[in-house]
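Open the model in your viewer and keep the selection panel at hand. The stops below say what to pick next and what is there.

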Amino acid sequence: MSQAVKARKAALPEKQSPGKLALTVLFAVISVAWMMPIIIVLYNSFKENGFVNANVFALPNRESFVGLNNYVNGITFGNYPFYNSAGYSVYITIVSTGLILLCTSMAAWYISRVNDLFSRIVYYLCVFSMVVPFQMVMFTLANTARELHLDTPWTIPVVYLGFGAGLAVFMFVGFVKSIPIDIEEAAAIDGCSPMRTFFSVVLPMMKPTLISVGVLEIMWVWNDYLLPYLVLDQTKYKTIPIHIQYLQGSYGRVDLGATMALIILSLIPIIVFYLSCQKHIIKGVAAGAVKG
Amino acid sequence: MRKLFAVLLAAAMLLSMMSFASAEGEGKVYYLNFKPEADQAWQALAQQYQALTGVEVKVLTAASGSYSTTLTSEMDKKDAAPTLFQIGNAEGVATWADYALPLDGTELMQEMTTEDFNLKNAAGQTVAVGYCYEAYGIITNKALLEKAGYSVADITNFESLKKVADDIHARAAELGFDAFTSAGLDGSSSWRFSGHLTNMPLFYEFRDDGVTEQPATVKGSYLNAYKNIWDLYITDSAADAKKLSGYTGADAEKDFYDGKAVFFQNGTWEYADLTGKYGMNPDDLCMLPIYCGVEGEENAALCAGTENCWAVNAKASEADQKATLDFLKWVVTSEEGTQMMAEQFGPIPFKAAKASSNVFFNDATEMLNAGKYVVTWAFNYTPDVDNWRAGIVSALEQYSAGAADWGEVEYAFVDGWATAYANTH
Amino acid sequence: MTKKKRSAGAVTSPLIRRPIQRRFAIFLLPTFVCFCIGFLWPFLQGLYLSLNKFTTTSNAEWVGFGNYVKAWNDPGFRAAFGYTARVAVVSLVLINVLAFFVAYALTREIRGSSLFRGVFFVPNLIGGIVLGYIWKTIIDSVLPVSMSIQAEYGFWGLIVVMCWQQVGYMMIIYIAGLQAVPEDMLEAARIDGANGWKTLWYITLPNVMPSITICTFLSLTNGFKLYDQNLVLTNGAPVRRGIGATEMLALNIAKTFSTANQRGVAQAKAVLFFILVTTIALIQLWATRRKEVQQ
């Protein structure tokens, strides 16, 4: 891209053509509509339960406004402390994602560089695993996890790595295939061990894919309900989605106000995460995915 | 070769992890509880018992809508499966037949005042004991009824109910309240109609035909009565019949405690919230039987039964089974246990039961004393409960919105039953 | 830009291959072992269970292919097949067209475009069930009758929610693709006097083909596996003559799992479903990969 083109692009936003201005206005309108469902959840979290479904669009008014009551109710509900659930959720999400990224990127490098029959079989098994509905393996998976004593928050990342390996390996292999082999060859000639080559040469190049896979895995683990519900020992460990599910009584009775409040609380870490690495995410998802 | 060796080594490691020693000796109790509302009370009671006797009691409460998944998954735990779980109906008995220990002759059963609510297996053995019972009908706000110029005594059958309801509905604007609360078909409310209200045609049909076990087919001979009462619910209420799936259980409850409606079809379990959380005066409340236009229904009492029955795991060790039965006996005989049961479940069918202050139960007892007949929970025979009910809900919703005729409801009721039965047998 | 991509067989060389192969236990083994625990072994057990009648996995009774026959004879399952295909195809097209044009517009240096990208991206950070409830309420309140009465409304409601959740992620992928289109090719086209549409069709589209591959793959598998939104929006209703008009395969399978004595049939349905999705996904990958330009 020439300097002139760059300069022209940098200058553009200053004097927008009417067409572009119209686009800005159009997107501003769409953006508001796009955020609407989330905004509705936010202000309903301040309404008393009975007023939530009665008119979900109505803003809180003097009659329906309950301040932070829903938040207090949601947090203090039941005999399981919410901060425990939140702590386990954060821990499981971070460790599982970290483990998945580390192990599958190494596996993907092995698969594409060694490329023998065994690694090709593993690769295709991974691709297949992406399309298996969770229900098909839920009971057998829970059973296997239990027999291997993987039913604690400290060990469940192993299960996540196993069940989530498919997508991650698929995307990493796609990326590794596209990076030129010359650099690694040069490193090998310089006497680098495979470990060193991987961590100092290959892994840094993988950054965009690490981010795009990371985003997918974080979203999955953070919001996942059924897998931790079946695998974890429920008398001791809960996560946020499980905690929210327990707000529902038998016969579908549910405190909607408190549910909305907990949903907002569970969104905060995600939003913080997104805002703090917005740039990397947008770039990363894009670059990583295209290569895949 | 190295690779193969490594894989085998890893596999061997895993296998060695799988074989772990299991502790034998003292029996322990593991209760899989079905009611999220009662979780805290059970946990507290378990701790008391443990402190008292030293026997380990673990209570796990399944999340809403996940009971059957949880039970399936937990029962797979060879050494740590629940020793005590719940069976709600005939379908549950059929599914868990291999796991339900016959309880006849146990000390627990000797404490019972009635066996009406127990469930029996194909061999006629009692495999699940109903530990509480509930009644439902039309909860009525007597104060509002009087404001409209009527009294409870005016309502003795469907005809008189309709007359009163139609009149209140016609004068709704002037009175400031309507006859019925919303007949919501949202998941938190639809079971009142697909489960509890369908009991009316099922009960009368089974009574006529002398049905005493789960039938493969039903005829729907009383579906016209079902139509009567449903039409009344959706006509004489302020709710938009075209959008019933948008009304929740909480909406109907709010209609009622806000004084916006006189009649509210629900059960004894509503009492605590209505008088406690929402501060209604117990003297203003009573429960009427559901009248739907069946011959002789003037003599009907409330619909009484239960979906809460304890079953003991037949595959648990003998020590665990004994510990479990001992625990249950303590629950229904001890001061702490009966107190908790009375608070959480109302009256229980055991000799040492504490009295309940729930006026709806008093209504139920009064009607029985007056010689009226109990409408038992015939819907406990429903095959493939969730799917059968889902069919009814969808048909009711379409019918109410004018998108389908009553035939759709008949199909869901009659053909739906046959399909559900065939699928599960 | 002009670097030649090696063919698939040449992504390695003996020089680096051997040393890596010797580190099998470090690189591949941990993932493979976990994959066996978390997927392969449960999956094989699942296959075995599809040939059994069972209450719990340890209490199974062999019935051979009876479950498959039952699964295929279930009219609800077959209806769900057709409906799922329709949802998958329509959502595939709409999500990708919308995402592409949003990406196209947002790469044209309009004011606030980075904010808009963020806004479009946020919905896919949030789980399905939660916002499904709000969406159901919103959609039902603007329609004359609810989605669970009019199957067509249910269909389009589902499509709207799917677009809302997925357009953002796909948009980002397309933005990357668009930014990678060589500027000199676009310049050349402009000089040759090609109009906007021609440039888009002959230059831009072929160059974003890798993005299209990945996006269509993701949205197609998402469409076929869709469960949460289907459950919350209509739960399969309206039911006509016993068949849920808006019931997708995953929901049909989940419902079968919750039916007594039907778990083996549900397992068989899941296997059939798995075979279907795998076949379609492979065909789609093969078809779009063929069209990718070699850079």
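Start with helix 7 of chain A, residues 134–147. Helices here are DSSP runs of H or I with at least four residues, strands are E runs of at least two, and both are numbered from the N terminus. Helix 7 of chain A has 14 residues and reaches 19 Å from its first C-alpha to its last. That is close to the 20 Å expected at 1.5 Å a residue; the expected span is 1.5 Å times one less than the number of residues.

This is a predicted model: local features need pLDDT of at least 70, side-chain atom pairs count only at pLDDT 80 or more, and totals for chains, interfaces and linings use all residues. Residues are numbered from 1 along each chain as its sequence is written, while chains are lettered from A and ligands numbered from 1 in the order in which they are written.

**The kink and its surroundings**

Centre on A:Thr140. Helix 7 of chain A has a kink of about 35 degrees there. The bend is the angle between axes fitted to the seven residues ending at a residue and the seven starting there.

Now colour by burial. A residue is buried if 20 or more other C-beta atoms lie within 10 Å of its own, exposed if 12 or fewer, and partly exposed in between, with C-beta atoms placed from the backbone. Twelve of the 14 residues of helix 7 of chain A are buried. Among them are A:Met136, A:Phe139, A:Thr140 and A:Arg146.

What do the buried residues of helix 7 of chain A pack against? Within chain A, select helix 8 (156–178) and helix 12 (226–231). In chain B, add helix 3 (67–75). In chain C, add helix 3, helix 13 and helix 14. Contact means C-beta atoms, placed from the backbone, within 7 Å. Step just past the end of helix 7 of chain A: A:His149 has a positive phi of about 60 degrees.

**Chain C and its two partners**

Select the contact between chains C and A. It takes 72 residues from chain C and 75 residues from chain A. Which element of chain C gives the largest share of its side? Helix 3 of chain C does, with 14 residues. By class, this side of chain C has 46 nonpolar, 17 polar and nine charged residues. Ala, Val, Leu, Ile, Met, Phe, Trp, Tyr, Cys and Pro count as nonpolar, Asp, Glu, Lys and Arg as charged, and the others, Gly among them, as polar.

Switch to chains C and B. Here 28 residues of chain C are in contact with 35 residues of chain B. Helix 2 (24–27), helix 3 and helix 7 of chain C each give two or more residues to this side. Its residues divide into ten nonpolar, 15 polar and three charged.

**Stops in chain B**

Show strand 9 of chain B, residues 285–288. B:Leu285 and B:Met287 point to one face and are buried. B:Cys286 and B:Leu288 point to the other and are not. Strand 6 (residues 134–141) of chain B runs antiparallel to strand 9, joined by four bridges; pairing takes at least two DSSP bridges. B:Asn141 stands opposite B:Leu285.

Next, pick B:Asp251 in helix 12 (residues 249–257) of chain B. B:Asp251 counts as buried because it has 21 C-beta neighbours inside 10 Å. Beyond four places in sequence, B:Asp251 is in contact with A:Asn53, A:Ala54, B:Ser182 and B:Gly184.

Finish at B:Tyr226, in helix 11 (residues 223–235) of chain B. B:Tyr226 is buried too, because 26 C-beta neighbours lie inside 10 Å.

Methods
Contact = placed C-beta atoms within 7 Å.
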